[in-house]
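Colleague: I am new to this structure and would love a close look at one part of it. Could you pick a residue, start there, and lead me outward step by step?

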Amino acid sequence: MSQLKNMSILLVIAFATTILQNTEAVDHLVGGSPGWFATPPGGAKFYSDWASNATFKVNDVLVFHFATGAHTVAEISKADFDNCNVNQNTQAITTSPARVTLNKTGDFYFTCTIQGHCNNGQKLSVKVVSASSSPAPAQGPSPPSSTTPSPTPPSSGTTPTPPSPTPPVSGDTPSPSSPAQPGATPPSPGSATSLVATFSIFFAVVINLLF
């Protein structure tokens, strides 16, 4: 009986570890290797282009690397972001690296509060989704529709002449056309999570019964 209890506890711990790994927060280095600065190499769209290539989930962390004293990081409203209305008294992080936890879903807006830096492109907006969300799978191109031309009836009084058969050329073997293979449908991303949750509940019930 004691061995069964120990095995049940180990299984529950293993499943709990799997769940924690799947929901582990990710650190995003803002701007990549260039970091956070006033004159980004890609111009005003540099940080928006960077953000478009990443997925931000709840509890992920934005990491801003910059020269301390040369830049700041402040969260602002969308209106201030769009117009670069930066108040010098806005609460900002002044030391690097600045770590900002994305603690809810929705849009976040950041900029540097030093005068002129926002207008030069030092601003970032990110959209945060729930931790269980995943990108939708890309859909392949639709197959071209096949159109069969309708035969043209012969004119009245005219007998159509059938074409003479052409003998096959020696050595030529018609290659059979390969049947089209249907595209595979990826499994739903939520199925694995549901399975893990089901097993976790099952083993929790087992432990309660044993103890």
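Modeller: Happy to! Let us start at Ala-38, which sits in the loop between strand S1 (27-29) and H2. Please keep in mind that this is a predicted model. With a relative accessibility of 11%, Ala-38 counts as buried, because buried means under 20% relative accessible area. Leaving out residues up to four places away in sequence, Ala-38 touches His-71, His-117, Asn-120, Gly-121 and Gln-122. There is also a long-range approach to look at here: the C-alpha atoms of Ala-38 and Gly-116 are separated by 8.3 Å, while the two residues are 78 residues apart along the chain.

One of the residues that Ala-38 touches is Gln-122, so let us move there next. Gln-122 belongs to the loop between S6 and S7. Its relative accessibility is 0%, and Gln-122 therefore counts as buried. If you set aside the neighbours within four places in sequence, Gln-122 is in contact with Trp-36, Phe-37, Ala-38, Tyr-47, His-71, Thr-111, Cys-112 and His-117. His-71 and His-117 are worth finding on your screen, since each appears among the contacts of Ala-38 and among those of Gln-122.

The contact with Cys-112 brings us to the cysteines. Cys-84 and Cys-118 form a disulfide, with their sulfur atoms 2.1 Å apart. The total for the model is one disulfide. This pair links distant parts of the chain, 34 residues apart: Cys-84 lies in the loop between helix H3 (78-83) and strand S5 (98-101), and Cys-118 in the loop between strand S6 (106-111) and strand S7 (123-129). The link of Cys-84 and Cys-118 is left-handed, with -75° about the S-S bond. Both ends are buried, Cys-84 with a relative accessible area of 15% and Cys-118 with 4%.

Why is Cys-112 not bonded to Cys-118? The sulfur of Cys-112 is 8.9 Å from the closest cysteine sulfur, in Cys-118, and that is too far for a bond. Cys-112 is buried as well, with a relative accessible area of 0%.

From Gln-122 we can also step to Trp-36, another of its contacts. Trp-36 is among the residues with the most contacts inside the largest nonpolar core, together with Leu-62, Phe-64, Phe-110, Leu-124 and Val-126; this core has 22 residues. Helix H2 (46-52), strand S3 (61-64), S5, S6 and S7 each supply at least two residues of the core, and the largest share, four residues, comes from H2. As a general point, nonpolar side chains tend to be buried together in soluble globular proteins.

Leu-62 gives a good view of this core. Not counting residues up to four places away in sequence, Leu-62 touches His-28, Val-30, Trp-50, Phe-56, Ala-98, Arg-99, Val-100, Leu-102, Phe-110, Leu-124 and Val-126.

Phe-56, one of those contacts, takes us to the sheet, where Phe-56 stands opposite Val-128 in S7. S2 and S7 run parallel and are joined by two bridges. The open sheet has four strands in the order S2-S7-S6-S4, with mixed pairing. At its edges are strand S2 (56-57) and strand S4 (74-75), each pairing on one side only.

A last word on confidence: the chain averages a pLDDT of 72, and 52% of the residues score at least 70. Over residues 136-143 the pLDDT is below 50, and this stretch has one contact in the model beyond near neighbours in sequence. Residues 166-196 also have a pLDDT below 50, with four such contacts.

Key. Residues are numbered from 1 along each chain as its sequence is written. This is a predicted model: local features need pLDDT of at least 70, side-chain atom pairs count only at pLDDT 80 or more; totals for chains, interfaces and linings use all residues. Side-chain values use heavy atoms; hydrogens and water are left out. A disulfide is a pair of cysteine sulfur atoms within 2.5 Å. Buried means under 20% relative accessible area, exposed over 50%, partly exposed in between (1.4 Å probe, protein chains only). Contact means heavy atoms within 4.5 Å. A nonpolar core is a set of buried Ala, Val, Leu, Ile, Met, Phe, Trp, Tyr and Cys residues joined through side-chain atoms within 4.5 Å. pLDDT is the predictor's confidence in each residue, from 0 to 100. Two strands pair if DSSP finds at least two bridges between them.
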